[in-house]
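Dear colleague,

I am handing over the structure below, and after it you will find my notes on what was found. Please read them with the model open beside you.

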Amino acid sequence: MVGFFKSVREDIASVFERDPAAKSWLEVVTCYPGLHALWCHRINHWLWKHGLRTLARFLSQITRFLFGIEIHPGAQIGHRLFIDHGLGIIIGETSIIGDDCTLYQGVTLGGTGKESGKRHPTLRNGVFVGAGAKILGNITIGENCRVGAGSVVLHNVPDNSTIVGVPGHIVLRDGKRVVITDPKDVRDPLSDVLIKLAREVKELRQRLSELTHQPMQEPECEVAIVLDETSEAGEQDAKGEAGFAVYYDYQI
Ligand SMILES: CC(C)(COP(=O)(O)OP(=O)(O)OC[C@H]1O[C@@H](n2cnc3c(N)ncnc32)[C@H](O)[C@@H]1OP(=O)(O)O)[C@@H](O)C(=O)NCCC(=O)NCCS
């Protein structure tokens, strides 16, 4: 019980930290349905763990009716989750959410419909998920990742990444711009096409340089893409040339 009230205090404090609109304790306690749903979930999760599964599910449906947030009582949620607005959030049974995460309205932590057992995502500590984002399947979103509003994420995401779009692709990693991500990390049809094009342009440059007996010209355009598919993206050299952070070893 002491633990419950301690976490309630932490939850309220985290609203003040993360929502500039929060003005007073009374306002936070009465006007944040995300907090109410979270507190109900803690009770429902306790019931679930103690074998009262039907009661836990029934109460989670009442919570959903009251606040528009559906959290399966089996979901494991860490400390200081901040659910802002909250309407339409769905958190599946085998989801795991670390400490200090933030979810906006319309977020789904769901299954793909093709898996059984652990079939919902794991969010590590400090993950931020924008409005309407869908994170699907038994995948892991690394620490301090930021998932853009409206994204659909289907693959694991390494720590400290910003991922946006449908399908989700990494645009920032460890503070550096990633224009096209390593296809081993996030498979994106557009990236695949650009990677093929880049390879072809590189071969044509080499051929031209052989035919003209001139050294190969350095590319000038500000787009960096992956060509080295054999090593981990994070281990490749950052060239950091004029005006933009080049993450990979070739430009088109
Ligand atoms: C992704 C997000 C978290 C920003 O993260 P960030 O690490 O600060 O990244 P940046 O803002 O520098 O954006 C990086 C790139 O991703 C793009 N981007 C950002 N958010 C995007 C989104 N939701 N969908 C598609 N692209 C997006 C930006 O345009 C930028 O690309 P560019 O440099 O080519 O212009 C933020 O844009 C976002 O989506 N926040 C959600 C907020 C929300 O849900 N609010 C609801 C309030 S009710």
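**The hairpin and what surrounds it**

Strands S14 and S15 form a hairpin with four residues between them, and in the turn Gly165 has a positive phi of about 95 degrees. Please keep in mind from the outset that this is a predicted model. The loop between S14 and S15 also holds Pro167, and the peptide bond that joins Val166 to Pro167 is cis, with omega at about -5 degrees. The two arms of the hairpin, S14 and S15, pair in the antiparallel sense over four bridges, and Thr162 stands opposite Leu172 in S15.

On the ligand, strand S14 (161-164) and strand S15 (169-173) each supply at least two residues of the shell around it. There are 14 residues around the ligand, and those that come nearest are Gly130, Ala131, Gly148, Thr162 and Val164. By class, the shell around the ligand is made up of seven nonpolar residues, six polar ones and one charged residue.

**The two sheets**

The hairpin strands belong to an open sheet of seven strands, whose order is S3-S6-S9-S12-S14-S15-S16 and whose pairing is mixed. Its edge strands are S3 (82-83) and S16 (176-177), each of which pairs on one side only. At the S3 edge, two bridges join S3 to strand S6 (residues 102-103), and these two strands run parallel; here Phe82 has Thr102 in S6 as its bridge partner. Further along the order, strand S12 (residues 146-147) pairs with S14 in the parallel sense over two bridges, with Val147 standing opposite Ile163 in S14. The loop between strand S11 (140-141) and S12 contains Asn144, a residue other than glycine whose phi is nevertheless positive, near 60 degrees.

A further open sheet is formed by five strands in the order S1-S4-S7-S10-S13, and there the pairing is parallel. The edge strands of this five-stranded sheet are S1 (70-71) and S13 (152-153), each pairing on one side only. S1 pairs with strand S4 (residues 90-91) in the parallel sense over two bridges, and Ile71 stands opposite Ile91 in S4.

**A helix pair**

How do helix H3 (residues 33-49) and helix H4 (residues 53-67) pack? Their axes are 8 Å apart and the angle between them is about 175 degrees; since angles over 145 degrees count as roughly antiparallel, H3 and H4 are therefore roughly antiparallel to each other. On the H3 side the contact involves Pro33, His36, Ala37, Cys40, Asn44, Leu47 and Trp48, which meet Arg53, Leu55, Ala56, Leu59, Ser60, Thr63 and Phe67 in H4. Taken by class, the contact of H3 with H4 has nine nonpolar residues, four polar ones and one charged residue.

**Confidence**

The protein chain averages a pLDDT of 84, and 80% of the residues score at least 70. Over residues 226-252, however, pLDDT stays under 50, although the model has 59 contacts beyond four places in sequence for this stretch. Where pLDDT is low, the predicted coordinates should not be read in detail. I would ask you to keep that caution in mind when you look at residues 226-252, where pLDDT stays under 50.

With best regards

Notes. Residues are numbered from 1 along each chain as its sequence is written. This is a predicted model: local features need pLDDT of at least 70, side-chain atom pairs count only at pLDDT 80 or more; totals for chains, interfaces and linings use all residues. Two strands pair if DSSP finds at least two bridges between them. A residue is near a molecule or strand if its C-beta atom, placed from the backbone, lies within 6 Å of it. Ala, Val, Leu, Ile, Met, Phe, Trp, Tyr, Cys and Pro count as nonpolar, Asp, Glu, Lys and Arg as charged, and the others, Gly among them, as polar. Axes are lines fitted to C-alpha atoms, for helices over the stretch in contact, and angles run from 0 to 180 degrees between N-to-C directions. Angles under 35 degrees count as roughly parallel, over 145 as roughly antiparallel, 65 to 115 as roughly perpendicular and the rest as oblique. Two residues are in contact if their C-beta atoms, placed from the backbone, lie within 7 Å. pLDDT is the predictor's confidence in each residue, from 0 to 100.
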